[in-house]
Structures are given as C-alpha cells and as structure tokens.
Amino acid sequence: MSKTFNSKIYEEYINKDNLSASLSRIEKLLKRRDDDLELLDVKAEILNLMNRPDEAISIYQKILNIDSEYINAYIALSNLYLAEEIKKEKDYSKIIVDLLKKAEQINPDEISCYVLAGALKNNGQLDEAAKYYKKALKQEKGDNYFLENIWVEFGRIYTEQKKYTLSLDAYDNAIHFSVKENGDDSHCSEIYVAKREIYSILGDEDKIRAMDEQFAFAENKYKTDHKNDKRGFFHTCSPV
C-alpha cells in the first residue's frame, strides 16, 4: 500500500505550541490502534519536532515493518538523516540514497530529486547525481533560488570531472538565476571564486583578473545593500 502522509491528520493532532499534550493524545489513541500507520506517522513527526530524532527514526522503521510501501516513512527518514548529517557532521549519504531510491520505486513524483542528487554527489556517484540534478531542474522550475543552487552543483560536479567548459557554463547559469532572484549579482561572489579557480587551472590570466574584479564588486554591493542580512548563500569566500 503506497500511502503518503495525510496533512489533515497532521493539522488535527499536532499542536506545535503544546507538543507534549499532542504526544500524550497520540499515545492514548495508539494504545487502541497500535498499528495505525497515520497515527504512528504523527507520533514520529511530533518526536522529531521535540528534537528526539532517534525515537522518530525508530517509529518510522516500525511503520516500514508494517507496510514497506508507506512512502512518507522513507521520505521522512531521509530528511531526518539529512538533518542529523548536518548537525553531527557525519556522512549518511548512503542511507539517504537507499531510502530515496526505495521511495522512488513506489512513486517517483513524491521524492525530492535535489536531495537525492546531493546524497549521490556526497557518495561519489557524480554521473548519477548529475542525472537527478537534471530532474531537479524540472521539479524546481520557477524557483530561481533552487535553480541557482542546482546549477552551482552542476558546476562543482563538472569541475571535479575536469569538464571545465561545462562547469563554466553551469556557473554562468547559476549567476543568471541569482540575478533573477536578487536583482543583481551581489550573492554570486562564491561563484566568481569557483570560476576563478577554473581559469587558474586553464592559465587564463585575463579571466582571472576579471573574476577578481567581479568578486570584489559583488562583495561590496552585498555589504552595501544587505548590511543586516545574513542569508547570502554565495558571498562569504575570498578569491585567493
């Protein structure tokens, strides 16, 4: 049974202002229906919101023992492991890939190709990662912020593969979507750093100087226009 999370159930049972009461309510209901997948799903989400990821993971695994096609458990687990990866600075990419590949077999439209691509990239599967980043371009169509990030990842993959022309083209696409998102290239300084590194490998001194100038311009513009804004995704590196 391929079943996704019922958002109405979520809204009905989870009070984010009183998670302890929400958990107590769900546990009472589960005493009567301990194999109710939606209630277990809600309990896992509450535990996650309470910063109890290990318990949430255990619940999702219980769900999959009951129904191996309950797709939201795979997706939720992948998100939990992704969060734990960031928090603990541990590599869970193989686990995330395995979870999302299983979810994809159930319903490919439900998974985030961007998250799967990132896990594949971290796992060293660059060609496979590029394939899913291409799918992510379609999934995230219209979202300039995500499209910028996807093209940056293409640039990194192609650089690692020494496909420098493709990498430069990818970074130019990233700049294009950053400008569409922000109105200028003030968030693009790390992209200019990445392009500078490629031109350094290629020995193109003129392009290196051009990247230094664009980096300095983007940094100065960001600092001027966003004095109190810490969001800038690509503006914190030095070009040296």
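Is Arg33 buried, partly exposed or exposed? Arg33 is partly exposed, with a relative accessible area of 36%. The legends below describe close-up views of a predicted model.

**Figure 1. The overall fold is built from helices.**
The protein has twelve helices and zero strands. From the N terminus on, every element reads as α: α-α-α-α-α-α-α-α-α-α-α-α. Along the principal axes, the C-alpha atoms fill a box of roughly 75 × 40 × 30 Å. The protein has 240 residues, and 47% of them count as buried.

**Figure 2. Arg33 pairs with Asp36.**
These two residues form a salt bridge. Their closest N and O atoms are 3.3 Å apart. Arg33 has a relative accessible area of 36%, which means that the residue is partly exposed, since the buried class ends at 20% and the exposed class starts over 50%. Side chains of opposite charge can pair when their charged atoms come close. The whole structure holds 15 salt bridges.

**Figure 3. A salt bridge joins helices H2 and H3.**
The side chains of Lys43 and Glu27 meet here, with an N to O distance of 3.7 Å. Lys43 lies in helix H3 (residues 37-49) and Glu27 in helix H2 (residues 19-32), so the bridge ties together parts that are 16 residues apart in sequence. The two partners fall into separate accessibility classes. Lys43 counts as buried, at 17% relative accessibility. Glu27 counts as partly exposed, at 34%.

**Figure 4. A salt bridge joins helices H11 and H12.**
Arg196 forms a salt bridge with Asp212, and the closest N and O atoms are 2.5 Å apart. The pair links distant parts of the chain. Arg196 sits in helix H11 (residues 189-202) and Asp212 in helix H12 (residues 205-225), 16 residues apart. Asp212 counts as partly exposed, at 27% relative accessibility. Elsewhere, salt bridges that share partners join Glu84, Lys87 and Lys88 into one network.

**Figure 5. Phe154 and Tyr158 stack in helix H9.**
The structure holds seven aromatic pairs. In the pair shown, the ring centres of Phe154 and Tyr158 are 5.9 Å apart and the planes meet at 15 degrees, so the rings are stacked. The angle falls under the 30 degrees set for stacking. Both residues belong to helix H9 (residues 144-160). Phe154 and Tyr158 are four residues apart there, which means a separation of about one helical turn. Phe154 is buried, with a relative accessible area of 1%. Tyr158 is buried too, with a relative accessible area of 13%.

**Figure 6. An aromatic cluster takes in the stacked pair.**
Phe154 and Tyr158 are members of one aromatic cluster. The other members are Tyr114, Tyr133, Tyr145, Phe146 and Trp151. Tyr114 and Tyr133 also appear in the lining of the largest pocket.

**Figure 7. The largest pocket draws on helices H5 and H7.**
The volume of this pocket is about 270 Å³. Its lining consists of Leu82, Glu85, Ile86, Ile96, Tyr114, Val115, Gly118, Ala119, Lys121, Asn122, Tyr133 and Glu153. Two elements give two or more residues to this lining: helix H5 (71-88) and helix H7 (113-122). H7 supplies the largest share, six residues. By class, the lining has seven nonpolar, two polar and three charged residues.

**Figure 8. Cys113 and Cys188 are buried, and the structure has zero disulfides.**
A disulfide is a covalent bond between the sulfur atoms of two cysteines. A search of the whole structure finds zero of them. Cys113 is buried, with a relative accessible area of 6%. Cys188 also counts as buried, at 0% relative accessibility.

**Figure 9. Two distances from Ile150 span the fold.**
How far apart are the C-alpha atoms of Leu30 and Ile150? They are separated by 42 Å, and the residues are 120 residues apart along the chain. Leu30 is found in helix H2. At 9% relative accessibility, Leu30 counts as buried. The second distance runs from Ile150 to Asn220. These residues are 70 residues apart in sequence and 25 Å apart in space, C-alpha to C-alpha. Asn220 is found in helix H12. Asn220 counts as partly exposed, at 48% relative accessibility.

Terms used. Residues numbered from 1 in each chain as written. Predicted model: local features only at pLDDT ≥ 70, side-chain atom pairs only at ≥ 80, totals over all residues. Heavy atoms only, no water. Phe/Tyr/Trp six-rings, centres within 6.5 Å; stacked < 30°, edge-to-face > 60°. Buried < 20%, exposed > 50% of the residue type's maximum accessible area, 1.4 Å probe, protein only. 1 Å grid on protein atoms, 1.4 Å probe; cavity = no way out; pocket = protein on both sides within 12 Å on 5 of 7 lines; lining within 4 Å. Points joined across faces, edges and corners; volume = space filled by probe spheres on them. Nonpolar A, V, L, I, M, F, W, Y, C, P; charged D, E, K, R; others polar. Salt bridge = Lys/Arg side-chain N within 4 Å of Asp/Glu carboxyl O. Disulfide = S-S within 2.5 Å.
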